Amino acid sequence: MRFEARFSLFPTPFRSILLFFVWLLLNNSYSLGHIVLGAILATVIPLATLRFREPQPLIMRKWLAFKHFLLVLYDIVTANVQVAFLILGPIKKLRPAFVKVPLDLTHEMPITILASTVSLTPGTVSAEVYPFPESLDEGEEVTQRYLLIHVLDLDDEAELIATIKSRYEAPLKEIFQC
C-alpha cells in the first residue's frame with residue numbers, strides 16, 4: 001500500500017487551493033492584499049499542520065473509486081425506497097438486529113469509508129469498529145477487526161455479511177490496494 005509522502009512547498013495542494021478560495025470568499029474581497037494574504041495562509045497553514053497528519057493510503061484506482069461512488073449513490077436511492085416500504089408497512093414485520101462483520105481491511109481510512117458507506121445506506125448504521133488498537137494491552141496485536149452494524153430489517157445474516165464484503169469492502173481493497 002502506498003502512502004502520501006509529499007514534503008514540498010505545497011504538501012496538500014488541494015487543501016491549499018481550498019484555503020485560498022475560502023479566504024477570499026469569507027472576506028468578500030478580491031483586492032491585492034487579500035489575494036497575497038490568502039496565498040500566504042494557503043501555503044503556511046498546510047506546512048504548519050503537516051506533522052499532525054497521519055499518512056493516508058493513496059487512491060490507486062481512481063476510475064474504480066468513481067464507479068464505487070456511483071454504486072453507493074444507487075444503493076442509497078434504492079435503500080430509501082425499501083425503507084419507506086418497510087416503515088409504511090406493518091411494524092411487527094421489522095426484524096432489527098446487530099450484525100458483526102469481519103473486516104479484511106487493515107488501514108483506518110478504508111475502514112472509515114466502509115463504515116460511512118454502511119451508515120449512508122438507509123436501514124443500516126455502523127455502530128462500532130472493534131477492537132481498537134488503543135484498547136489492546138501493550139505488545140498485543142489486532143488479529144481480526146469487526147464492524148458492528150445495526151440493521152433495521154435482517155432477513156439473512158450470512159447474506160448481509162457477504163453482500164457488504166463483496167459490494168463495498170472488496171472494491172475498497174482494490175481502490176486502495178490494501
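Here, a residue counts as partly exposed when its relative accessible area falls between the buried range, under 20%, and the exposed range, over 50%. At 22%, Asp 153 is therefore partly exposed. The model in these views is a predicted one.

**Figure 1. The whole chain, with five helices and three strands.** Going along the sequence, the elements come in the order α-α-α-β-α-β-β-α. The chain has 178 residues, and 30% of them count as buried. Its exposed area is about 11,800 Å², with carbon and sulfur atoms supplying 65% of that. Take the contacts between residues at least 6 apart in sequence: 76% of them join residues at least 24 apart.

**Figure 2. Ser 29, in the loop that sits between helix H1 (13–27) and helix H2 (32–49).** Ser 29 has 18% relative accessibility, so it counts as buried, the cut-off being under 20%. The Ser 29 side chain gets to the backbone nitrogen of Ser 31, at 3.3 Å. Once neighbours within four places in sequence are set aside, Ser 29 still has contacts with Leu 24 and His 34.

**Figure 3. A nonpolar patch on the surface, built by Leu 32, Val 36, Leu 37, Ile 40 and Val 44.** The patch covers about 450 Å². One of its members, Val 44, belongs to helix H2. With a relative accessible area of 45%, Val 44 is partly exposed. An unreviewed UniProt entry lists residues 7–26, 32–50 and 71–91 under "transmembrane region". As for the listed span 32–50, 95% of it is helix and 0% is strand, and its end C-alpha atoms are 28 Å apart.

**Figure 4. Tyr 130, a residue of strand E2 (residues 124–130).** Tyr 130 comes out as partly exposed, at a relative accessible area of 23%. Which residues does Tyr 130 touch, not counting those up to four places away in sequence? They are Lys 100, Gln 144, Arg 145, Tyr 146 and Leu 148. The C-alpha atom of Leu 148 is 7.9 Å from that of Tyr 130, and the two residues are 18 apart along the chain.

**Figure 5. Arg 61 and Glu 174, joined by a salt bridge between their side chains.** Here the N to O distance is 2.2 Å. Arg 61 comes from the loop between H2 and helix H3 (62–88), while Glu 174 comes from helix H5 (residues 157–176), so far along that this pair links distant parts of the chain, 113 residues apart. Both partners are partly exposed: Arg 61 has a relative accessible area of 35%, and Glu 174 has 37%. A search of the whole structure turns up seven salt bridges.

**Figure 6. Arg 167 and Asp 75, another salt-bridged pair.** Their closest N and O atoms are 2.7 Å apart. Because Arg 167 is in helix H5 and Asp 75 in helix H3, the pair ties together parts 92 residues apart in sequence. Buried or partly exposed: what does Asp 75 count as? With 7% relative accessibility, Asp 75 is buried, whereas Arg 167, at 29%, is partly exposed.

**Figure 7. Arg 95 and Asp 153, whose side chains meet in a salt bridge.** The N to O distance is 3.0 Å. Arg 95 sits in the loop between H3 and strand E1 (97–103), and Asp 153 in the loop between strand E3 (145–151) and H5, so the bridge ties together parts 58 residues apart in sequence. Arg 95 is partly exposed, with a relative accessible area of 39%. There's a third member to look for: Asp 155 is linked with Arg 95 and Asp 153 in a network of salt bridges.

Definitions and conventions
Residues are numbered from 1 along each chain as its sequence is written. This is a predicted model: local features need pLDDT of at least 70, side-chain atom pairs count only at pLDDT 80 or more; totals for chains, interfaces and linings use all residues. Side-chain values use heavy atoms; hydrogens and water are left out. Helices (H or I, at least four residues) and strands (E, at least two) are DSSP runs, numbered from the N terminus. Buried means under 20% relative accessible area, exposed over 50%, partly exposed in between (1.4 Å probe, protein chains only). A polar contact is a pair of N or O atoms within 3.5 Å; within protein, one must be able to donate a hydrogen and the other to accept it, and residues adjacent in sequence count only if both atoms are side-chain atoms. Contact means heavy atoms within 4.5 Å. UniProt positions are given in the numbering used here, feature names are shortened, and annotations may be inferred rather than shown by experiment. Patches are made of residues with over 30% relative accessible area and no salt bridge: like charges are joined within 9 Å, nonpolar side chains (Val, Leu, Ile, Met, Phe, Trp, Tyr) within 5 Å. Accessible areas come from the Shrake-Rupley method with a 1.4 Å probe; for residues, only the protein chains shown count as cover. A salt bridge is a side-chain nitrogen of Lys or Arg within 4 Å of a carboxyl oxygen of Asp or Glu.
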